[in-house]
Structure formats: C-alpha cells, structure tokens
Amino acid sequence: MICPFCRHDDSRVVDSRPAEEGTLIRRRRECTSCSRRFTTSETSVLLIIKRSGATEPFSREKVIAGVRKACQGRPINDDDFALLAQRVEEALRSDGQAEVEAHEVGMAILAPLRELDEVAYLRYASVYRNFTSLEDFEGEIALLRAAPSRSNQQETAAPAVAVNNAQQ
C-alpha cells in the first residue's frame, strides 16, 4: 500500500477490524519509511456482467429500483425493500463468485420477492421471464397455488387459530 504522506510503496498492518456488518475491513497501517500511520478500507467487490459484456459493481439500490416497480401499489415499506436487496446480495455472494451474470441477479430476486408479496412476484416474473400469453400467467399462478409462500401460509393460518379459539 502506498503511503499517502511520503508515497513510499511499503507499509505494515498495525490493526485490522471488520466494519459495516463484516462487509468492510478497516486496516490501520504504518509506513516503513516515514513511520506515519494511515487507515485503509477493503471491501470485496461483486461484479455484475451485463448482457452487453460490460461489468459494474453490484448495487442494492438497483435491485430495489427494479423491484419497486413490481411492488407499485402494494403494501411494502422501505425496510422490506432493504431486506430483500440484502437477501439477494447474500444469495449471490454465497456462491463465492466474484463475477455474476445479470440474469442470475434477476433469478436471485424471485424467491425473496415471492415471500414478500406474491402479486409483486407475479408482476416481476412476467417481465423477467417474458410472459407472452395468458397461459404463461396461468401456469405461474398454478405454481403459486401448489406451493404457497411462507408469508401466505402464515396469513391463512392466523384466521384458523382464531376460529378454533372462538369455538372453545
């Protein structure tokens, strides 16, 4: 690491600490030439390979912007969007790849979005998977009904408990 004071190209690490929930490492360094100390920060970069072949860093904000369109008019708050974007990033990073195809980002969005809101999921999936007919929608709806998301199961389970309590 180049010293910002004397421009010498060697320094030693004095201290390292994780920051920002473990996504960043702050290192305190000391220049071996001038003995001055400075701080550096390191992050692992997740690159997205776009269809054009260009690469850009992963952006939770871009995930949220894309999902927000599908969620328009739905009862979803900013915390829900932030959690969804975090889950998408964690899913992509869990593969251990430094570069990920843009298509994989879209696929990683589908599962957490389905758990968040099935209507928004259907909207997003219809665009992302290029639904071209009513049959495409009907097929996806049939899949949603066959394997309901956890949030939908919780909503339907709650009234059943209340009815059972009322009968006792």
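# Questions on a predicted model

From the N terminus on, the elements of the protein chain run β-β-β-β-β-α-α-β-α-α-α-α. The model is predicted.

Q: How many helices and strands are there in the protein chain?
A: The order of elements from the N terminus is β-β-β-β-β-α-α-β-α-α-α-α. Counting each kind gives 6 helices and 6 strands.

Q: What percentage of the residues of the protein chain count as buried?
A: A residue is buried if its relative accessible area is under 20%. The protein chain has 168 residues, and the share that meets this cut-off is 28%.

Q: Is R29 buried or exposed?
A: R29 has its place in strand β2, which covers residues 24-31. The cut-off for buried is a relative accessible area under 20%. R29 has 10%, so R29 is buried.

Q: With which side chain does the side chain of R29 make a polar contact?
A: Apart from residues up to four places away in sequence, R29 touches M1, S11, R12, V13, V14, R36, R37, F38, T40 and E42. A polar contact needs a pair of N or O atoms within 3.5 Å. At 3.2 Å, the partner of the R29 side chain is T40.

Q: Which side chain does a polar contact join to that of R27?
A: R27 is another residue of strand β2. Neighbours within four places in sequence aside, its contacts are V13, D15, S16, F38, T39, T40 and E42. The side-chain polar contact, at 2.5 Å, is with S16.

Q: Is I2 buried, partly exposed or exposed?
A: I2 is in the segment before β1. Residues between the cut-offs of 20% and 50% are partly exposed. The relative accessibility of I2 is 43%, so I2 counts as partly exposed.

Q: What distance separates the C-alpha atoms of I2 and C31?
A: Leaving out residues up to four places away in sequence, I2 touches R7, H8, D9 and F38. I2 and C31 lie 29 residues apart along the chain, and the separation of their C-alpha atoms is 8.3 Å.

Q: What is the phi of R7 near?
A: R7 has its place in the segment before β1. With 58% relative accessibility, R7 counts as exposed. Its phi is positive although R7 is not a glycine, and the value is near 70°.

Q: Which element supplies the largest share of the lining of the largest pocket?
A: The largest pocket holds about 600 Å³ of space. Among its 21 lining residues, the closest to the centre are A102, H103, V105, G106 and Y128. At least two lining residues come from each of β4, β5, α1, α3 and α4. The largest share, 5 residues, comes from α3.

Q: How many residues of the lining of the largest pocket are nonpolar?
A: The lining of the largest pocket includes 5 polar and 5 charged residues. The nonpolar residues of this lining number 11.

Q: How many residues of the lining of the second largest pocket are charged?
A: The second largest pocket has a volume of about 240 Å³. Its lining is made of E20, E21, T23, T43, S44, R60, Q86, E89, E90 and R93. Helix α2, residues 78-94, gives the most, with 4 residues. No nonpolar residue is in this lining, 4 residues are polar, and the charged ones number 6.

Q: Which residues does V63 contact, leaving aside its neighbours within four places in sequence?
A: The largest nonpolar core has 27 residues, and V63 is one of those that touch the most other members, including F58, V88 and I109. Helices α1, α2, α3 and α4 each supply at least two residues of this core. Beyond four places in sequence, V63 is in contact with F58, L84, A85, V88, V105 and I109.

Q: Which helices do the buried residues of α4 pack against?
A: The buried residues of α4 are A120, Y121, L122, Y124, A125 and S126. These residues pack against α1, α3 and α5.

Q: Which residue caps the N-terminal end of α4?
A: A side-chain oxygen lies 3.0 Å from the backbone nitrogen of V119. The residue that carries this oxygen and caps the helix is D117.

Q: Is N130 buried or exposed?
A: N130 has its place in the loop between α4 and α5. Its phi is positive, near 55°, in a residue other than glycine. The cut-off for exposed is over 50%. N130 has 58% relative accessibility, so N130 counts as exposed.

Technical notes
Residues numbered from 1 in each chain as written. Predicted model: local features only at pLDDT ≥ 70, side-chain atom pairs only at ≥ 80, totals over all residues. Heavy atoms only, no water. Buried < 20%, exposed > 50% of the residue type's maximum accessible area, 1.4 Å probe, protein only. Polar contact = N/O pair within 3.5 Å; in protein donor to acceptor, adjacent residues only side chain to side chain. Contact = heavy atoms within 4.5 Å. 1 Å grid on protein atoms, 1.4 Å probe; cavity = no way out; pocket = protein on both sides within 12 Å on 5 of 7 lines; lining within 4 Å. Points joined across faces, edges and corners; volume = space filled by probe spheres on them. Nonpolar A, V, L, I, M, F, W, Y, C, P; charged D, E, K, R; others polar. Core = buried A, V, L, I, M, F, W, Y, C linked by side-chain atoms within 4.5 Å.
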